Amino acid sequence: MCLDIGDKRIGIAVSDPFNSYALPVETYTRKNLRTDLEKIASLVKDKCATALVCGLPVNFDGTPSIQTQRANYFIDKLKERLSVQVYAVDERCTTCEAEDTLIEQGKSRQERKLYVDSLAAASILQGFLNDKNKNK
């Protein structure tokens, strides 16, 4: 399972049972830390996830940003709460790519807001799966 962690929303994606491809699942609107952690823990259990991949937002040049610190804090809390392996991976450009894809599909601004985060999570997860499968 993969998360695209934002201040307001978290995009969620999962892989197929063979870890070959990623599928967007939903966009969760954040409430508060405790509720957010409970939601993610519930999804990990419901989806039978064996690992959690979290997008780590960094500046274009790869240096950390304020968002990197916020995401790292949330990731640390997830690691404390979950029994599955939690990975943090570079998510540069995934939201922009997802936004471009939705624009190409003719989605309205309101529709894009509903799907962009889960599509970005799927992009993050697909990159992770590609790297993992390449190294097998």
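The following exchange is about a helix pair and a pocket in a predicted model.

Colleague: Why are H1 and H2 called oblique to each other?

Modeller: Helix H1 (residues 33-46) and helix H2 (residues 66-81) pack at an angle of about 55°, with their axes 10 Å apart. Angles under 35 degrees count as roughly parallel, and 65 to 115 as roughly perpendicular. The angle of about 55° fits neither range, and H1 and H2 are therefore oblique to each other. The crossing in which H1 passes H2 is right-handed.

Colleague: How do you know which residues of H1 meet H2?

Modeller: Contact means heavy atoms within 4.5 Å. On the H1 side these are Leu33, Asp36, Leu37, Glu38, Ile40 and Ala41, and they meet Tyr73, Phe74, Lys77, Leu78 and Arg81 in H2. By class, this contact has 7 nonpolar, no polar and 4 charged residues.

Colleague: What makes up the lining of the largest pocket?

Modeller: Lining residues have an atom within 4 Å of a pocket point, and 17 residues line the largest pocket. Nearest its centre lie Met1, Ser15, Asn19, Ala49 and Thr50. Strand E2 (9-15), strand E4 (51-56) and helix H4 (109-134) each supply at least two residues of the lining; H4 gives the most, with 4 residues. The lining has 11 nonpolar, 3 polar and 3 charged residues.

Colleague: How much space lies in the largest pocket?

Modeller: The space in the largest pocket is about 330 Å³.

Notes: Residues numbered from 1 in each chain as written. Predicted model: local features only at pLDDT ≥ 70, side-chain atom pairs only at ≥ 80, totals over all residues. Heavy atoms only, no water. Axes fitted to C-alpha atoms, helices over the stretch in contact; angles between N-to-C directions. Parallel < 35°, antiparallel > 145°, perpendicular 65-115°, else oblique. Left-handed = near helix turned anticlockwise from the far one by under 90°. Nonpolar A, V, L, I, M, F, W, Y, C, P; charged D, E, K, R; others polar. 1 Å grid on protein atoms, 1.4 Å probe; cavity = no way out; pocket = protein on both sides within 12 Å on 5 of 7 lines; lining within 4 Å. Points joined across faces, edges and corners; volume = space filled by probe spheres on them.
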